[in-house]
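Reader: I have a protein model on my screen and some questions about its fold, its pocket and its charged pairs. Can we go through them in turn?

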Amino acid sequence: MSTTDRIAIAVEPAPGRAPRRPWSRLPLLLLPLLGLAVWQAVIWVASPREWLLPSPGAVAEVLWTDRDRLWFHAQATIAEAAVGFALAAVLGTALAVAIASSPHVERTLYPWIVASQAIPILAVAPLVAVWLDYGTAQVMVAFVIAFFPVVVTGVDGLRSVDPALGAAVRTLGASRGWVFRRVTMPAALPVLFSGLRMAAVFAVTGAVVAEYVGADRGLGYLSEFSTAEFRTARSFAAIALLAAIGLAFFAAVGLAERLALPHRRHPSRPTWRRR
């Protein structure tokens, strides 16, 4: 085999993954379908009162008939969680970079950030609701809950990068800033995105916790208010929407990861990505 043939084989793109068939994702539906079947079986066997345990059909009916009310409260929860998550992503990543870059910052702040997680957020949320206006309090609680995983995974990701990579590039004349932008940060992104996925779900939880302790709108407020009125079907409907919002946040971060790290799914550079 000539040298030209060997080079041609070396630069030839590796074959991509075979496209997934539509039914390959059906196992994902088995667990929720099994849960619904067990739920309905309990209704048929035990016949509990409607306010104690509504049937899946009753919850689905509320999801449709009360869709306007549910969507009104869902918009508030989505906005609070989205703003809290965005703040946690930006400020958490910036602090992770500072901690990983400076031993002084690490010794000064990192132990206190870790120790702050020993404080139950349920104990702090009522105080935040007293100190701040509606909306700001919910955003702050969502931010506090989502902030920690971003910082910890960001620090771990930046420290996990092989120092030899940066040292090798710096021997070619690259600046520290260029090495950070083109070598260190891209190598740390997979770990950082793991923390962002967790933070996205935690932000929804934080917003709901703050709505429970003091709010006049939001799915957490609606669920608490409906339970107090024994409208259990509406509480279940609010919980179902909260689960859908958490999954949507998780999927949005996953989509951002796919766009930022296409090489994790594609063996060759996508045609849409600039060189």
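The questions below take the fold, then the pocket, then the salt bridges.

Reader: How many helices and strands are in the protein chain?

Author: This is a predicted model. From the N terminus on, each element in the run is an α element. The count is eleven helices and zero strands.

Reader: What share of the residues in the protein chain is buried?

Author: The cut-off for buried is under 20% relative accessible area. The protein chain has 275 residues, and the buried share is 33%.

Reader: Among contacts between residues at least 6 apart in sequence, what percentage joins residues at least 24 apart?

Author: A contact needs heavy atoms within 4.5 Å. Take the contacts in the protein chain between residues at least 6 apart in sequence. Those joining residues at least 24 apart make up 71%.

Reader: Which element gives the most to the lining of the largest pocket?

Author: The largest pocket holds about 470 Å³ of space. Elements that give two or more residues to its lining are α4 (67–101), α7 (136–159), α8 (163–170) and α9 (176–213). The top contributor, with five residues, is α9.

Reader: How do the residues of that lining divide into nonpolar, polar and charged?

Author: The lining has 16 residues. Nearest the pocket centre lie S101, R176, V179, F180 and T184. The whole lining divides into nine nonpolar, three polar and four charged.

Reader: How far apart are the closest N and O atoms of D216 and R217?

Author: A salt bridge needs a side-chain nitrogen of Lys or Arg within 4 Å of a carboxyl oxygen of Asp or Glu. D216 is partly exposed at 45% relative accessible area, and R217 is partly exposed at 32%. They form a salt bridge, with the closest N and O atoms apart by 3.3 Å.

Reader: In the salt bridge of E229 and R234, which partner is buried?

Author: The two side chains meet at 3.6 Å, N to O. E229 has a relative accessible area of 37%, so E229 is partly exposed. The other partner has 5%, and under 20% counts as buried. The buried partner is R234.

Reader: Which residues do salt bridges with shared partners join into one network?

Author: Side chains of opposite charge can pair when their charged atoms come close. A search of the whole structure finds seven salt bridges. R69, partly exposed at 40%, meets D66 at 3.8 Å, N to O. E229 meets R234 as well, and the network consists of D66, R69, E229, R231 and R234.

Conventions:
Residues are numbered from 1 along each chain as its sequence is written. This is a predicted model: local features need pLDDT of at least 70, side-chain atom pairs count only at pLDDT 80 or more; totals for chains, interfaces and linings use all residues. Side-chain values use heavy atoms; hydrogens and water are left out. Helices (H or I, at least four residues) and strands (E, at least two) are DSSP runs, numbered from the N terminus. Buried means under 20% relative accessible area, exposed over 50%, partly exposed in between (1.4 Å probe, protein chains only). On a 1 Å grid over the protein atoms alone, a cavity is a set of points where a 1.4 Å probe fits but cannot get out, and a pocket is an open set with protein on both sides within 12 Å along at least five of seven lines; lining residues have an atom within 4 Å of a point. Grid points are joined across faces, edges and corners, and a volume is the space filled by probe spheres set on the points. Ala, Val, Leu, Ile, Met, Phe, Trp, Tyr, Cys and Pro count as nonpolar, Asp, Glu, Lys and Arg as charged, and the others, Gly among them, as polar.
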